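Subject: Structure handover

Hello,

Here is the structure I promised to pass on. Please open it alongside this note.

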Amino acid sequence: DLSLLKSKFRGSMLGALVGDCTGSPYDNGDQLTSGMKLVLQKSFDKLEGPPFKAPVVQFTDDSAMTYSLAKSLIDRKELDVVDVAKKFVKRYYQEPNRGYGMGVVTVFQKLRGNKFTDVSSPAEEQFNGQGSWGNGGAMRVAPVALFSYENYDKLLDTVRRVTRITHTHKVGIDGAILQATAIYQSLRLDPSQELNVVNFIDDLTCKMDPIEKDEEGLGLSEPQPYKMQLRVMKSLMSEDDQNLSDERVIQKLGNSVAALYSVPTAIFCFLRAQKPITGIQTDNPFRRAVQYAISLGGDTDTIGSMTGAIAGAFYGEEKINSNLLQHCEASEEFRILGDRLFELSVAR
Ligand code: R7I
Ligand code: MG
Ligand code: MG
């Protein structure tokens with residue numbers, strides 16, 4: 001069904017944007033107090049209501065980089081890392097106050113300094129040569145999952161190359177792969193059928209196994225860290241709603257800017273939101289997923305955005321409230337990017 005698939009492409013791009021826009025006001029690294037969770041509930045109620053006169057909800061670096069990446073893939077019809085790097089850097093210097101990661105700015109400065117003659121070294125030199133394990137690769141990866149819809153090997157290659165522009169630590173790269181894989185799987189599922197959570201996690205685990213096996217000399221205490229997180233996720237998903245306090249979820253899966261402690265959390269939020277969650281009042285499972293992700297605190301814009309990209313790829317645009325979309329900056333542009341990526345990778 002091509003119209004459903006097109007809606008899923010739009011949904012993934014719009015979901016990434018909505019999670020970023022709605023999550024960014026709570027992005028101060030901390031847990032949300034119960035008062036803040038109520039503010040969050042009310043704010044979603046208001047954003048889903050009729051249009052009101054207020055400034056639009058602004059996006060951050062997550063969406064700025066997602067936009068640049070999608071635009072480059074569409075313009076070039078293939079991955080051109082120099083073009084992507086140029087677009088990232090240009091955008092950063094146009095609007096440096098979008099909340100970029102502390103480290104990644106050095107990469108932009110060096111790229112501009114060498115005039116894009118070397119797009120590898122600046123990222124490799126980060127953090128004393130070990131590269132960044134931040135979630136900046138994963139947060140912008142949705143367009144790559146859409147662009148590589150037909151071919152998983154192409155997805156892996158494209159994610160690796162595009163992530164390495166800024167993030168070369170294996171854990172940063174593998175986090176981007178896991179996030180893209182979750183979107184890839186969600187695009188293929190029928191949202192009118194109940195999602196089989198165990199199968200979804202098992203499929204992710206099978207795909208991550210060979211990817212994490214070629215780990216060499218990283219000195220990680222856990223040789224396959226994402227597989228370990230997927231095991232934790234599976235066990236949490238088997239528990240009762242009552243047992244799953246926010247504190248326990250945060251303690252087990254994390255909510256930080258580290259890819260390892262945010263990508264699995266986003267996938268978990270999507271999966272858990274298939275069913276009602278105590279404290280989140282909505283019948284809409286897309287909203288439930290994003291609101292729940294934000295309510296866990298920490299890196300709220302990014303975990304919200306990654307959750308939204310997966311949930312949007314599963315449910316499609318239909319489940320994303322149109323008033324909510326109107327309240328988010330650049331939503332019309334993101335819908336168009338979803339359409340262009342669809343034309344490029346499916347309808348071509
Ligand atoms: O990963 P990155 O693009 O940041 C994305 C986050 C998202 O939450 C956005 O919404 C935005 O707020 O930033 O940027 P990086 O600077 O590469 O990584 C983010 C942070 O992770 C860094 O500023 C460091 O604090 C930390 N970090 C590391 N710390 C020590 N050693 C990442 N890698 C390392 C490391 O190897
Ligand atoms: Mg951000
Ligand atoms: Mg963030």
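Below is what was found, starting with a metal site and ending with a pair of helices.

Keep in mind that this is a predicted model.

**The metal site**

Start at the magnesium ion (ligand 2). Four residues coordinate it: Thr60 through OG1, and Asp61, Asp62 and Asp301 through OD. The distances run from 2.1 to 2.3 Å. Along the sequence, these donor residues follow the spacing T-D-D-x238-D.

A second ion belongs in the picture. The magnesium ion (ligand 3) lies 3.6 Å from the magnesium ion (ligand 2). Aspartate 301 coordinates both ions.

Are the donors Thr60 and Asp61 buried or exposed? Threonine 60 has 10% relative accessibility, so it counts as buried, the cut-off being under 20%. Aspartate 61 is buried too, with a relative accessible area of 6%.

**The helix pair**

Now turn to helix H1 (residues 2–23) and helix H15 (residues 285–295). Their axes come within 10 Å and cross at roughly 40°. An angle over 35 but under 65 degrees is oblique, so H1 and H15 are oblique to each other. The crossing of H1 past H15 is right-handed.

Which residues make the contact? From H1 they are Gly15, Val18, Gly19, Thr22 and Gly23. H15 supplies Phe286, Val290 and Ile294. By type, the contact of H1 with H15 has four nonpolar residues, four polar ones and no charged ones.

Best wishes

Definitions and conventions:
Residues are numbered from 1 along each chain as its sequence is written. Chains are lettered from A and ligands numbered from 1 in the order in which they are written. This is a predicted model: local features need pLDDT of at least 70, side-chain atom pairs count only at pLDDT 80 or more; totals for chains, interfaces and linings use all residues. Side-chain values use heavy atoms; hydrogens and water are left out. Axes are lines fitted to C-alpha atoms, for helices over the stretch in contact, and angles run from 0 to 180 degrees between N-to-C directions. Helices (H or I, at least four residues) and strands (E, at least two) are DSSP runs, numbered from the N terminus. Angles under 35 degrees count as roughly parallel, over 145 as roughly antiparallel, 65 to 115 as roughly perpendicular and the rest as oblique. A crossing is left-handed if the near helix is turned anticlockwise from the far one by less than a right angle, and right-handed if clockwise. Contact means heavy atoms within 4.5 Å. Ala, Val, Leu, Ile, Met, Phe, Trp, Tyr, Cys and Pro count as nonpolar, Asp, Glu, Lys and Arg as charged, and the others, Gly among them, as polar. Donors are N, O and S atoms within 2.8 Å of the metal (3.2 Å for Na, K and Ca); water is not among the atoms, so sites may look incomplete. Buried means under 20% relative accessible area, exposed over 50%, partly exposed in between (1.4 Å probe, protein chains only).
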